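Reader: Hello! I am new to protein structures and would like to learn how to read one. Could you walk me through it?

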Amino acid sequence: MDKIIKYSGYLASWLFITIGFIVFYEVIMRYIFNSPTIWVEEISRFLQIWATYLALTYSFHKKDFIRITFIYDKLSSHGQKFLDIISHIFIIFFSSVVVYYGWIIAKESFDVNRTSSSMLDLPAFISEVAIPLCFGFLLFRVIIEFINTIYSFFKS
Amino acid sequence: MTAILILFALFFILFLGVPIAITLGSISLFLMLMSDISPLMIPQTFYSVGDEFVLLSVPMFLMMSNILLKAGIGEDLFNFAQSWVGHYTGGLAIATVVSCAIFAAVSGSSVATAATISTVALPAMIQRGYHRNFTLGILAAGGTLGILIPPSIPMIVYAFVAEESVLSMFLAGIGPGIMLSIFFIIFAVIYVKFFNKEVQNVRSSKEERVINTKKGLPIIVMAVLMLGGLYAGIYTPTEAGGVGFMISLFYVVWKKRLDLKGFIDAGLDTMKTTVTVFIIIAGAKIFGKVISLYRIPQDISSFIVNNIDEKGMFILVVCITLLILGFIMETLSLILIMMPIFAISIKAMNIDIIWFGIIFTIMIECALITPPVGLNIYVLQSIGNANMSEIGKGVTPFVLIMLFAVLVIYFFPNIALYIPFKL
């Protein structure tokens, strides 16, 4: 599990780096070779969606989500665990909704074969499905963390 | 009444330590369920935030800052500035501010700026007899120039939520950025002259100047390329980010300043910041839409318009709110939580949204250095092994200078607006 998360993080960061290369390529093509590309903007947005949400679980795993720790830091480790449990409940509740409705959107696009309204005509499905899949991955990771925290909360 | 309840619930849940994005999203979700609005909007907003080409500038500029940070460019820059101004009274302090300002022009983040410059400037200043509190203060404050002098991540986010042009925000930041740097320098010189007389000034020889200028010059060229290209309209902010990322990468690889591990670390840092910021942007977007369906910003706006009839009063109230919240919250969350609430009031009061954005940015700079919560403070804690109270004492005069800068920009809006609109 840890390995999968680690590699998902590496993959996400390489996707961002790839975006950098193709955006640079676009500027070069436009100004030096005077032939702007049609695919760069769309592909980079597509990569950005995947990169961003792929990194979601990695950031949770590394406890990088931004939160206000003003009170949290003043508590004992027992109290912190209690607040962690509350956080987990919120994340589980919220991500489940995102997974469910995100899946509805992606499935509908798939069924009616909706495509991006641009020159490339990419199916909308392939980027929309990133939302439910990645939030599903997060949900899975948070549930594990939730169970672990509850276990150690009552043990101590 | 509903407004108060919702805001209370928001801050209550935030203080429990629930991640900000999740808090904003969950409250919105709850409000949607209460009034039968379909939550389909939630995944849609996450999708549309990821699908935004303008926001792509965030990871691009972060990548550039992180690469330059990992490559230790701060040293070149600091030595360059020091060799030219080191012999004046307070020379190293001036060099610190100058190198922060130059690095700010290639970096969009205040943390990267503070970290880059602090690693070299902190030991150098302490060794030459600068007071520790003062040194910590000037480094923390100098780092915040990173977000006032373009490029700037908080400005991109501000422009995105305020639906304004990123380019105008960037250009509006140049004047105030230079002004604030000058204020810092003036204060540093006065402080050293009267309270810190024992410092040593360093005069560099001509040869040293030539060597250091050769090393520092590429960074200045990069800064000019970025800002010049943006100003001339050669590339969009996102493309400027991509170009900056590539140029800095070529530079550090060519000079053999960065190995593969450093590069991967830079990528990972970028990715982590990007995702945490993007989900808060999405959360704030959802929250903004839902509360306006409940007419909360409209109610707050009419309350403000009825009770505060003057622009100045309104700005004062906003600044005080931001200053207080700044003690316990950090930058982007401040923009993203407060902007949906204030946006309509700003329009109702007929306030220029770019000008307001600059004032907002300076207030956020205060938030970055006011303890206990402030990202720049954490940077100095780890680099300088400093404790909170040392830094707190050190930054106090600089916070006052920033508030003074807000006042100056309030009375002379052209400091911000001249470059984007009148030049």
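Author: Below we go through the chains, a helix pair, some single residues and the backbone.

Author: First, some ground rules: this is a predicted model, where local features need pLDDT of at least 70, side-chain atom pairs count only at pLDDT 80 or more, and totals for chains, interfaces and linings use all residues. Residues are numbered from 1 along each chain as its sequence is written, chains are lettered from A and ligands numbered from 1 in the order in which they are written, and side-chain values use heavy atoms, with hydrogens and water left out.

Reader: Thanks! How many helices and strands are there in chain A?

Author: Helices (H or I, at least four residues) and strands (E, at least two) are DSSP runs, numbered from the N terminus. Chain A has five helices and zero strands, so its pattern along the sequence reads α-α-α-α-α. In chain B the secondary structure comes to 20 helices and zero strands.Reader: What does the radius of gyration tell me about chain A?

Author: The radius of gyration is taken over C-alpha atoms, and the globule rule that goes with it is 2.2 Å times the number of residues to the power 0.38. For the 156 residues of chain A the rule gives 15 Å, but the chain has 20 Å, well over that value, so chain A is more spread out than a compact globule. Its C-alpha atoms fill a box of roughly 65 × 40 × 30 Å along the principal axes. For chain B, with 423 residues, a compact globule would be near 22 Å, and the chain's 22 Å agrees. The C-alpha trace of chain B spans about 75 × 45 × 45 Å.

Reader: How much of each chain is buried?

Author: Buried means under 20% relative accessible area, exposed over 50%, and partly exposed in between (1.4 Å probe, protein chains only). Buried residues make up 48% of chain A and 63% of chain B.

Reader: Now the helix pair, please. At what angle do α2 and α5 of chain A cross?

Author: Axes are lines fitted to C-alpha atoms, for helices over the stretch in contact, and angles run from 0 to 180 degrees between N-to-C directions. Helix α2 (residues 40-61) and helix α5 (residues 130-155) of chain A have axes that come within 9 Å and cross at roughly 5°. That makes α2(A) roughly parallel to α5(A); angles under 35 degrees count as roughly parallel, over 145 as roughly antiparallel, 65 to 115 as roughly perpendicular and the rest as oblique.

Reader: Which kinds of residues form the contact of α2(A) with α5(A)?

Author: Contact means heavy atoms within 4.5 Å. Among the residues that meet are A:Trp50, A:Tyr53 and A:Phe60 in α2(A), and A:Phe135, A:Leu138 and A:Arg141 in α5(A). The residues of this contact divide into 14 nonpolar, two polar and two charged. Here Ala, Val, Leu, Ile, Met, Phe, Trp, Tyr, Cys and Pro count as nonpolar, Asp, Glu, Lys and Arg as charged, and the others, Gly among them, as polar.

Reader: Can we look at single residues too? Is A:Ser59 buried or exposed?

Author: A:Ser59 lies in helix α2 of chain A and counts as buried, at 0% relative accessibility. Leaving aside neighbours within four places in sequence, A:Ser59 is in contact with A:Asp64 and A:Phe65, and with B:Lys272, B:Val275 and B:Thr276. A:Ser13, found in helix α1 (residues 2-31) of chain A, is buried as well, with a relative accessible area of 2%. A:Ser13 touches B:Gly267, B:Leu268 and B:Met271, again not counting residues up to four places away in sequence.

Reader: How far apart in space are A:Ser59 and A:Gly9?

Author: Their C-alpha atoms are 8.1 Å apart, while the two residues are 50 apart in sequence.

Reader: And the backbone? What should I look for?

Author: Most residues other than glycine have a negative phi, and most peptide bonds are trans. A:Lys63, in the loop between α2 and α3 of chain A, has a positive phi near 55°. A:Lys63 is exposed, with a relative accessible area of 65%. B:Asp36 also has a positive phi, of about 55°, and counts as exposed at 74%.

Reader: Where are cis peptide bonds in chain B?

Author: One runs from B:Pro150 to B:Pro151, with omega near -10°, and B:Pro151 is in the loop between α8 (132-148) and α9 (153-162) of chain B. Another joins B:Pro371 and B:Pro372, with omega about 5°; B:Pro372 sits in the loop between α17 (353-369) and α18 (375-384) of chain B.
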